[in-house]
Amino acid sequence: MTHRDVFEYALLRVVPRVERGECFNAGVVVYCRARSYVAARVHLDETKLAALDPAADVTGVRAALRAVEGVCTGGEAAGQAAPDDAGRRFRWLMAPRSTVVQPGPVHTGLTTDPEAEVERLLDLLVR
C-alpha cells in the first residue's frame with residue numbers, strides 16, 4: 001500500500017462587495033505538514049467577477065491572489081512571512097479577514113502527492 005500523508009486545504013474566495021457577501025472560488029491553498037509543503041494555485045474568472053461587481057478592481061484582485069501564491073512560495077515573494085515555515089505561512093493565510101480575497105474553511109484529506117493534489121483541487125473546485 002502506498003503511503004499517504006494528511007493534508008489540509010482551503011479555497012480562496014473572491015468577495016467583490018464584502019457588504020453583499022456574494023463570492024466565487026478563485027484558488028486553492030494546500031498544506032502538507034509531513035512534507036513541509038504549502039502551495040496555492042489561482043484562477044480568476046473575470047466574467048464572474050464582472051457579474052458580481054462590474055466596477056471591481058480586476059488588477060487589485062489579481063494582485064491579492066498573486067500575493068497568496070507568493071506567501072506560499074516563500075523567500076522574497078513572501079514578504080514579512082519569508083522566515084516562517086510552511087505551516088505558519090498556511091495558518092497566516094487562513095486567518096479570517098474582511099477583504100476582497102478571503103480564505104474559506106479548512107478541510108483535510110489524504111494524499112500521496114500534495115503538488116498533484118493542489119492541481120486536482122483547482123480543477124475540481126475552481127475552474
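Questions on a predicted model

Biologist: How many disulfides does a search of the whole structure find?
Modeller: This is a predicted model, and its whole structure was searched for disulfides. The number found is 0.

Biologist: Why is Cys32 not bonded to the closest cysteine sulfur, and how far away is that sulfur?
Modeller: A disulfide needs two cysteine sulfur atoms within 2.5 Å. The closest cysteine sulfur to that of Cys32 belongs to Cys72, and the gap is too far for a bond. Cys72 is likewise in no disulfide, with the sulfur of Cys32 as its nearest. The distance is 13 Å.

Biologist: Is Cys72 buried or exposed?
Modeller: A residue counts as buried when its relative accessible area is under 20%. Cys32 has 0% relative accessibility and so counts as buried. Cys72 has a relative accessible area of 3%, which makes Cys72 buried.

Biologist: What is the order of helices and strands along the sequence?
Modeller: The protein has 4 helices and 5 strands. Read along the sequence, they follow the pattern β-β-β-α-α-α-β-β-α.

Biologist: Which radius of gyration does the protein have, set against that of a compact globule?
Modeller: The C-alpha trace spans about 50 × 35 × 20 Å along its principal axes. For 127 residues, a compact globule would have a radius of gyration near 14 Å. The protein agrees with this, at 15 Å.

Biologist: What share of the accessible surface belongs to carbon and sulfur atoms?
Modeller: Of the 127 residues in the protein, 41% are buried. The accessible surface comes to about 7,100 Å². The part belonging to carbon and sulfur atoms is 50%.

Biologist: What share of the contacts with a separation of 6 or more is between residues 24 or more positions apart?
Modeller: A contact here is a pair of residues with heavy atoms within 4.5 Å. Among contacts in the protein with a separation of 6 or more, residues 24 or more positions apart account for 61%.

Biologist: Which class of aromatic pair do Tyr31 and Phe90 form?
Modeller: The search of the whole structure finds 2 aromatic pairs. In the pair of Tyr31 and Phe90, the rings are 5.2 Å apart centre to centre, with 20° between the planes. Planes under 30 degrees apart count as stacked, so the pair of Tyr31 and Phe90 is stacked.

Biologist: Which parts does the pair of Tyr31 and Phe90 tie together?
Modeller: Both Tyr31 and Phe90 are buried, Tyr31 at 8% relative accessibility. The two parts tied together are 59 residues apart in sequence. Tyr31 lies in one and Phe90 in the other: strand β2 (residues 24-32) and helix α3 (residues 86-94).

Biologist: Which residues does Tyr31 touch, not counting those up to four places away in sequence?
Modeller: The C-alpha atom of Tyr31 is 8.9 Å from that of Val6, 25 residues apart along the chain. With residues up to four places away left out, Tyr31 touches Phe7, Glu8, Tyr37, Val38, Ala86, Gly87, Phe90 and Arg91.

Biologist: Over the face of which residue does Arg97 lie?
Modeller: Arg97 is at 5.3 Å from the ring centre. The residue whose face Arg97 lies over is Trp92.

Biologist: Which residues is Glu69 in contact with, leaving aside its neighbours within four places in sequence?
Modeller: Glu69 has its place in helix α2 (residues 58-73). Glu69 is partly exposed, with a relative accessible area of 24%. Leaving aside those neighbours, the contacts of Glu69 are with Ala40, Arg41 and Val42.

Technical notes:
Residues are numbered from 1 along each chain as its sequence is written. This is a predicted model: local features need pLDDT of at least 70, side-chain atom pairs count only at pLDDT 80 or more; totals for chains, interfaces and linings use all residues. Side-chain values use heavy atoms; hydrogens and water are left out. Buried means under 20% relative accessible area, exposed over 50%, partly exposed in between (1.4 Å probe, protein chains only). Rings of Phe, Tyr and Trp (its six-membered ring) pair if their centres lie within 6.5 Å; planes under 30 degrees apart count as stacked, over 60 as edge-to-face and the rest as tilted. A charge sits over a ring if NZ of Lys or CZ of Arg is within 6 Å of the ring centre and within 35 degrees of the ring normal. The radius of gyration is taken over C-alpha atoms; the globule rule is 2.2 Å times the number of residues to the power 0.38. Accessible areas come from the Shrake-Rupley method with a 1.4 Å probe; for residues, only the protein chains shown count as cover.
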